[in-house]
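Biologist: Please take me through one part of this model closely, and then set that part in its surroundings. I would like each term given with its cut-offs as you go.

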Amino acid sequence: MIEIDEIAVPVDGSEGASRAAAFAARLAAATGKPLRLIYVFPATPMTLIGLASMSAEQIKQAEADASREIFERARAAVADAGVETTEQILLGDPANELIGYVNQHPRSLLVMGRRGLSPIQSLLLGSVSEKVARHAHGAVTLVN
């Protein structure tokens, strides 16, 4: 049995992420484990071109601006559980970054929504949650 040190939940502003965050918060409250909210600032090729001309400080500001509303929504979803949260921003492809997070933090339980994209986007791009569940070498729980 894996020993869990934290519960981490990726958030993207979707309803699925809010449901996963609420579930993760209740689980954190029940187990006494800390809760980490993770936002992956998506670095598409077009985003990378734009970021190339920015300073490190400007990139950090862009990440903070993009994540502000998403973290606010996630904090609202977890408020009833009464747990404190930490927030972390990652930069890159969401699936790859989350797989890397799970692999680097083997004592974390990653709780994520099964679907964040629209059905059409999911068909075209694939599901981040499916990729993470399939390729991560750690504990992943998907929430409908």
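Modeller: I will start from helix α4, on one side of which Asn96 and Gln104 are exposed, where exposed means over 50% relative accessible area, buried under 20% and partly exposed in between, with a 1.4 Å probe and protein chains only. This is a predicted model, in which local features need pLDDT of at least 70 and side-chain atom pairs count only at pLDDT 80 or more, while totals for chains, interfaces and linings use all residues. Residues are numbered from 1 along each chain as its sequence is written, and side-chain values use heavy atoms, with hydrogens and water left out.

Helix α4 spans residues 94-104, and its buried residues are Ala95, Leu98, Ile99, Tyr101 and Val102. Seen down the helix axis, these buried residues fall within an arc of 160 degrees, so they line one face of α4; the arc is taken from the directions between the helix axis and the C-beta atoms. An α-helix has 3.6 residues a turn, so residues three or four places apart point the same way. The cover over the buried residues of α4 includes strands β1 (6-10), β2 (35-42), β3 (85-92), β4 (108-113) and β5 (139-143), together with helix α6 (128-135), contact being heavy atoms within 4.5 Å.

These elements belong to a chain with 6 helices and 5 strands, both taken as DSSP runs numbered from the N terminus (H or I of at least four residues for helices, E of at least two for strands). Along the sequence the pattern reads β-α-β-α-α-β-α-β-α-α-β. Of the 144 residues in the chain, 36% are buried, and 76% of the contacts between residues at least 6 apart in sequence join residues at least 24 apart.

Among the strands that cover α4, β1 has 5 of its 5 residues buried, so it is largely enclosed by the rest of the structure. Glu6, Ala8 and Pro10 point one way from β1, whereas Ile7 and Val9 point the other way, and all are buried; in a regular strand the side chains alternate between the two faces of the sheet. Strand β1 runs parallel to β4, to which 3 bridges join it, and parallel to β2, to which 4 bridges join it, strands being paired if DSSP finds at least two bridges between them. Towards β4, the bridge partner of Glu6 is Ser108, while in β2 Leu37 stands opposite Val9.

Val9 also appears in the largest nonpolar core, which has 21 residues and in which Val9, Val11, Leu35 and Val111 have the most contacts; such a core is a set of buried Ala, Val, Leu, Ile, Met, Phe, Trp, Tyr and Cys residues joined through side-chain atoms within 4.5 Å. At least two residues of this core come from each of β1, α1, β2, α3, β4 and β5, and the largest share, 5 residues, is that of α1. Leaving aside residues up to four places away in sequence, Val111 touches Ile7, Ala8, Val9, Pro10, Ala20, Phe23, Ala24, Thr141 and Val143. Apart from this core lies another, of 12 residues, and here we return to α4, for Leu98 is among its members, as are Ile38, Met112 and Ala136.

Charged pairs complete the setting, since side chains of opposite charge can pair when their charged atoms come close. The whole structure holds 5 salt bridges, each a side-chain nitrogen of Lys or Arg within 4 Å of a carboxyl oxygen of Asp or Glu. One of them joins Arg36 to Glu6 (2.9 Å, N to O), linking strand β2 to strand β1 across 30 residues of sequence; Arg36 is partly exposed, with a relative accessible area of 23%, whereas Glu6 is buried, at 9%. Another salt bridge brings together Glu15 and Arg73 (2.1 Å, N to O). Glu15 lies in helix α1 (residues 15-31) and Arg73 in helix α3 (residues 56-78), so the pair ties together parts 58 residues apart in sequence. Glu15 is partly exposed, at 48% relative accessible area, and Arg73 is partly exposed too, at 34%. Within α3, Arg68 and Asp65 meet in a salt bridge (3.3 Å, N to O), the two residues lying 3 apart, about one turn of the helix.
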